[in-house]
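Thank you all for coming; I would like to take a few minutes to walk through one model with you, slowly. Please have a look at it on the screen before I go on.

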Amino acid sequence: MTFILHTFVCGSLSIFFYSCEKPSEEYKQTVVFGVVVDWETGIPIENAKVAMISVCSGQTYDTSIIGYTNTNGYYEVSADLYESTYDPNVCYKALIVQSPGYYSIGLAAKHGAINECNVRLIKYSWIQFHFVNSIPYNNSDNINLYVFENGMAINNNFTFYGTNVDTTIVWSVLPNIDHRLNWSVHKNLTTIFFNDTIYCPSG
């Protein structure tokens, strides 16, 4: 009963960290500015998308205000306070920072104030698998895969059936930690279970 599972390279393709300093002085606008950089290198990230929306008691209001970082990783977004009934004790501005190859993050800024929010994004890694049914039995042959990080399954129970399985899958994972792989192979009314661990660095 042979079903070949080739695990390939873990490569770079992000988690996040941020800080916000919120002065107590109130303003007529909500302003958020700061710098977005790579977590490991500190290099500014250009063209990162920064979106700001209003959130009150769990409800989202108004259209997103969109901004982008410049070549120095600097961004600034602002919104007028049309919402005169908003209570700053229960309302805040939600900031979403996105950049290709990095995990998106969300953070809260003080409503009706000037906020400095400096963001550090971590690159994510990827795992590539190649499944081959090298000694097929019949069309009921199947292989089932789970990948766990920090004890939790991170994919949707990949299952492949048949005698002609020759499939490659790729998905992103958190960097700099071990990922536990559990898979099973079913052929001729027999199931065999396997497991392995792979470490995926970032960068």
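The side chain of Asp-141 makes a polar contact with the side chain of Asn-133, at 3.1 Å, and I should say at once that this comes from a predicted model. Asp-141 has its place in the loop between β10, residues 125–132, and β11, residues 142–149. A polar atom of that same Asp-141 side chain also lies 2.7 Å from the backbone nitrogen of Tyr-137.

Now, which side chain of opposite charge is nearest to Asp-141? It is Lys-187, at 4.3 Å, and because a salt bridge is counted only within 4 Å, this pair does not qualify. Asp-141 is therefore a residue that is buried and yet has no salt bridge.

Let me turn to a second residue, Asn-115, which is found in strand β9, running over residues 114–122. Is Asn-115 buried or exposed? With a relative accessible area of 0%, Asn-115 is buried, because anything under 20% is counted that way. A polar atom of the Asn-115 side chain lies 3.1 Å from the backbone oxygen of Ala-113.

Finally, let us step back to the whole chain, which has zero helices and 16 strands. Of the 203 residues in the chain, 40% are buried, and the accessible surface of the chain comes to about 10,900 Å², with 52% of that surface belonging to carbon and sulfur atoms.

Conventions: Residues numbered from 1 in each chain as written. Predicted model: local features only at pLDDT ≥ 70, side-chain atom pairs only at ≥ 80, totals over all residues. Heavy atoms only, no water. Helix = DSSP H or I, 4+ residues; strand = E, 2+ residues; numbered from the N terminus. Buried < 20%, exposed > 50% of the residue type's maximum accessible area, 1.4 Å probe, protein only. Polar contact = N/O pair within 3.5 Å; in protein donor to acceptor, adjacent residues only side chain to side chain. Lys, Arg positive; Asp, Glu negative; His and termini not counted. Areas by Shrake-Rupley, 256 points an atom, 1.4 Å probe, with all protein chains shown as cover.
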